[in-house]
Amino acid sequence: MKIFTSAAYLSLFWLGLALPSAHGMTDEPPLKIRVSASRSSVCLGDKSISVDIIVTNEGTSKAIFDSRRVDVNVGYAALFDTTTLKRRTEGMSVQQDRIPSASDRPTMIELQPNQAYVRPVSLSLPTPFFSQPGFYLLMPSVSIGSSSNKADPKAGIIIEVRDCE
């Protein structure tokens, strides 16, 4: 009898995996979030760098989100000092404020399947950390509601901080 009970349990377990569950289902189509920089260098003393947040609807139905709900955190790593020609290993992370929108009203963005939304934003470059010419890694993490990308050193943005004088 114990074997029959275990077999019945396993059958129900596999049946449960085969059926869609409320836990696995979501009303939100999958949004892919990427960050891209149009410039690869900034001048020593610049306080920020402009990047684009690119949100693509990779689902099969339309996606709607509030563009005011975009949150960004950034990890920074110093890679190489171009003055001393030595490797650097410092790092820091900055939690940005919610990205401001042009108005206080909700701005609902509707994306059809395979459609993308591009939002230019400015990421701060803390002066004490970016005080030496060299190469730095920016690892932005962006979230919109339950969709997010994670800070990833392999998918980060390498920039050069140059002495422009």
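Author: Two strands are said to pair if DSSP finds at least two bridges between them, and with that in hand we can read the sheets of this predicted model.

Reader: Which order do the strands take in the open sheet of three strands?

Author: The order is 1-3-9, and the pairing is antiparallel. Strand 1 and strand 9 each have a single partner strand and stand at the edges, so one side of each lacks a neighbour in the sheet. Averaged over this sheet, and with direction ignored, neighbouring strands are turned by 25 degrees against each other.

Reader: Over how many bridges do strand 1 and strand 3 pair?

Author: There are seven bridges between strand 1 and strand 3, in the antiparallel sense; to see how residues line up across strands, look at K32, which has T56 of strand 3 opposite.

Reader: Which residues have the most contacts inside the largest nonpolar core?

Author: They are V55, Y76 and I159, within a core of 31 residues. Several strands each supply at least two residues of this core, among them strand 1 (31-37), strand 3 (48-57) and strand 12 (157-162), while the largest share, five residues, comes from strand 5. Leaving aside residues up to four places away in sequence, I159 touches ten listed partners, including V42, I49, F130 and L138.

Reader: Does a polar residue need a different reading, and is S41 buried or exposed?

Author: Buried means under 20% relative accessible area, and S41 counts as buried because its relative accessibility is 17%. This serine lies in strand 2 (residues 41-43), and its side chain is joined to that of R162 by a polar contact of 3.3 Å. Beyond four places in sequence, S41 touches E160 and R162.

Conventions: Residues numbered from 1 in each chain as written. Predicted model: local features only at pLDDT ≥ 70, side-chain atom pairs only at ≥ 80, totals over all residues. Heavy atoms only, no water. Core = buried A, V, L, I, M, F, W, Y, C linked by side-chain atoms within 4.5 Å. Buried < 20%, exposed > 50% of the residue type's maximum accessible area, 1.4 Å probe, protein only. Helix = DSSP H or I, 4+ residues; strand = E, 2+ residues; numbered from the N terminus. Contact = heavy atoms within 4.5 Å. Polar contact = N/O pair within 3.5 Å; in protein donor to acceptor, adjacent residues only side chain to side chain. Axes fitted to C-alpha atoms, helices over the stretch in contact; angles between N-to-C directions.
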